[in-house]
Amino acid sequence: MSDNIRRLQQAPTKKWWNTKYTNLILKLDFAYITSILQNYFGDNFTITKGEMVCGVFQPKPEFTCEFCGKGRKKNKYTPACFFPTEVGYVYKCSNCNTSHHLYQFLKIRNPEVALKYQVERWHKNLTGRSYNCPEPPKNIKREYYQRKEKELKERNKREYERKQG
Ligand SMILES: [Zn+2]
């Protein structure tokens with residue numbers, strides 16, 4: 001996987017992603033990572049390192065691996081990290097070689113949060129074919145549009161009533 005990540009950092013001519021959105025995705029990802037760190041890792045993580053991605057310094061949190069359990073902050077050995085790439089953060093562990101894009105990691109760790117993340121990315125047009133995060137399921141999208149339509153109708157009704165005095 002480290003090879004894979006190195007490749008993501010390079011500038012191949014045929015990228016399937018658009019680096020125009022890299023900073024936006026990393027910013028959104030990091031908000032979720034912050035809450036993951038607080039909720040699951042307590043103070044057993046460090047953020048002393050980072051990587052340059054598209055010319056911007058991005059923090060790289062390191063911690064005990066969620067999957068193989070290896071690593072202790074107090075022993076200064078933290079093989080797992082959230083690694084910033086041009087397509088978003090990737091969970092990786094140098095001990096067990098686990099590697100997941102943030103969406104996949106959330107889906108394993110907390111499907112509810114994964115759905116929230118997915119919907120948030122969808123609202124920002126950052127899901128689907130050119131991204132490492134699929135669009136939300138049809139029923140979720142349908143519910144969203146129905147809710148929007150209802151809100152619009154209610155707003156129009158209030159506006160109408162206000163005008164009628
Ligand atoms: Zn591991």
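**Close-ups of a five-strand sheet and its helices**

**View 1. Lys49 sits across from Lys60 in E2.** Strands such as this one (E) are DSSP runs of at least two residues, helices (H or I) are runs of at least four, and both are numbered from the N terminus. What you're looking at is a predicted model, where local features need pLDDT of at least 70, side-chain atom pairs count only at pLDDT 80 or more, and totals for chains, interfaces and linings use all residues. Residue numbers start from 1 along each chain as its sequence is written. E1 and E2 (residues 56-63) run antiparallel and are joined by seven bridges.

**View 2. The open sheet has five strands in the order E1-E2-E3-E4-E5.** The pairing is antiparallel, and two strands count as paired if DSSP finds at least two bridges between them. E1 (45-53) and E5 (99-101) are the edge strands with a single partner each, so one side of each has no neighbour in the sheet. On average, neighbouring strands are turned by 25° against each other, ignoring direction.

**View 3. E3 has six of its six residues buried.** Buried means 20 or more other C-beta atoms within 10 Å of the residue's own (exposed is 12 or fewer, partly exposed is in between), with C-beta atoms placed from the backbone. Ala80, Phe82 and Pro84 point one way, while Cys81, Phe83 and Thr85 point the other way. In a regular strand, side chains alternate between the two faces of the sheet. Next door, two bridges tie E3 to E2, and Phe63 stands opposite Ala80.

**View 4. A hairpin takes E3 into E4 through two residues.** Six bridges join this antiparallel pair, and one of the partnerships puts Pro84 with Tyr89 in E4. Leaving out residues up to four places away in sequence, Tyr89 touches Leu26, Asp29, Ile33, Phe82, Phe83, Pro84 and Leu102; contact here means backbone-placed C-beta atoms within 7 Å.

**View 5. Phe82, Tyr89 and Leu102 touch the most other members of the largest nonpolar core, which has 26 residues.** Such a core is a set of buried Ala, Val, Leu, Ile, Met, Phe, Trp, Tyr and Cys residues joined through C-beta atoms within 7 Å. H2, E1, E3, E4 and H3 each chip in at least two residues, with the largest share, six, coming from H2.

**View 6. Helix H2 (residues 22-40) lies across E1, E2, E3 and E4.** H2 runs at about 50° to E4, using axes fitted to C-alpha atoms (for helices, over the stretch in contact) and angles from 0 to 180 degrees between N-to-C directions. Helix H3 (residues 102-109) lies across E4 and E5, at about 100° to E5.

How values were computed: Two residues are in contact if their C-beta atoms, placed from the backbone, lie within 7 Å.
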